[in-house]
Amino acid sequence: MNGNSHRPERVASVIKRAVAVIIENELSDPRIHGVSVVDAVVTKDLKMAKIYVYIEHDDTDALKALQNSAGYVRRLLAEQIKEMRVVPSLVFELDKSQSYYERIDTLIRGLSSEKHNDDNN
């Protein structure tokens with residue numbers, strides 16, 4: 001097996017942490033407030049990284065702002081991670097898992113309250 005078989009995962013982990021710090025400390029766009037980096041996935045050739053984010057509020061504007069700042073974030077990333085010859089292009093995407101879990105929780109609570117009401121009748 002190739003010695004670099006886990007390299008995309010290691011690079012993704014470093015990028016995830018660094019991008020989270022950059023978003024929190026370096027981006028001043030108010031639309032980006034309340035954004036959390038959930039995950040990062042890097043292609044095997046290390047040329048592209050998908051950054052999955054959770055957004056607390058209006059996700060459309062915040063996602064557009066992130067996408068517009070991708071080049072700037074990439075440049076700051078290159079300054080922070082000097083050991084990488086080439087920093088991957090960044091693509092921001094919404095992480096759907098949080099809304100999925102919230103929906104499941106709501107459905108379970110609804111079923112639980114329906115059962116409680118049925119038991120009381």
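When I say one part covers another here, I mean contact, that is, heavy atoms within 4.5 Å. Keep that in mind for the model on the screen, which is a predicted one.

Okay, let's start with helix 1. It runs over residues 7-25, and at 1.5 Å a residue those 19 residues should span 27 Å; the end C-alpha atoms are 27 Å apart, so the two agree.

Now, which residues of helix 1 are buried? You've got Pro8, Val11, Ala12 and Ile15, then Ala18, Val19, Ile22 and Ile23. Look down the axis of the helix and those buried residues sit within an arc of 145°, so they line one face. The general background is that an α-helix has 3.6 residues a turn, so residues three or four places apart point the same way. Flip to the face turned away from the buried side of helix 1, and there you find Arg17, Glu24 and Asn25, which are exposed.

So what sits over the buried residues of helix 1? The cover includes strand 1 (35-42), strand 2 (48-55) and strand 3 (89-94), plus helix 2 (59-68) and helix 3 (70-80).

Let's move along to the loop between strand 3 and helix 4, where you'll find Asp95. Buried or exposed? Asp95 has a relative accessible area of 16%, and the cut-off for buried is under 20%, so Asp95 counts as buried. Leaving out residues up to four places away in sequence, Asp95 touches Val38, Tyr52 and Val53.

Helix 4 itself covers 97-120, and Leu107 is in that helix. Leu107 is partly exposed, at 44% relative accessible area. On the surface, Leu107 joins Ile104 and Ile108 in a nonpolar patch, and together the three have about 250 Å² of accessible area.

Last stop, a pair of loop residues. Leu46 is in the loop between strand 1 and strand 2. Its phi is positive, about 65°, although Leu46 is not a glycine. Leu46 is also buried, with 13% relative accessible area. Then there's Val86, in the loop between helix 3 and strand 3. Val86 counts as exposed, at 53% relative accessibility.

How many ångströms separate the C-alpha atoms of Val86 and Leu46? They are 8.1 Å apart, while along the chain the two residues are 40 residues apart.

That's my tour; over to you.

Technical notes:
Residues numbered from 1 in each chain as written. Predicted model: local features only at pLDDT ≥ 70, side-chain atom pairs only at ≥ 80, totals over all residues. Heavy atoms only, no water. Helix = DSSP H or I, 4+ residues; strand = E, 2+ residues; numbered from the N terminus. Expected span 1.5 Å × (residues − 1). Buried < 20%, exposed > 50% of the residue type's maximum accessible area, 1.4 Å probe, protein only. Arc of directions from axis to C-beta. Patch = residues over 30% accessible without salt bridge, like charges linked within 9 Å, V, L, I, M, F, W, Y side chains within 5 Å. Areas by Shrake-Rupley, 256 points an atom, 1.4 Å probe, with all protein chains shown as cover. Salt bridge = Lys/Arg side-chain N within 4 Å of Asp/Glu carboxyl O.
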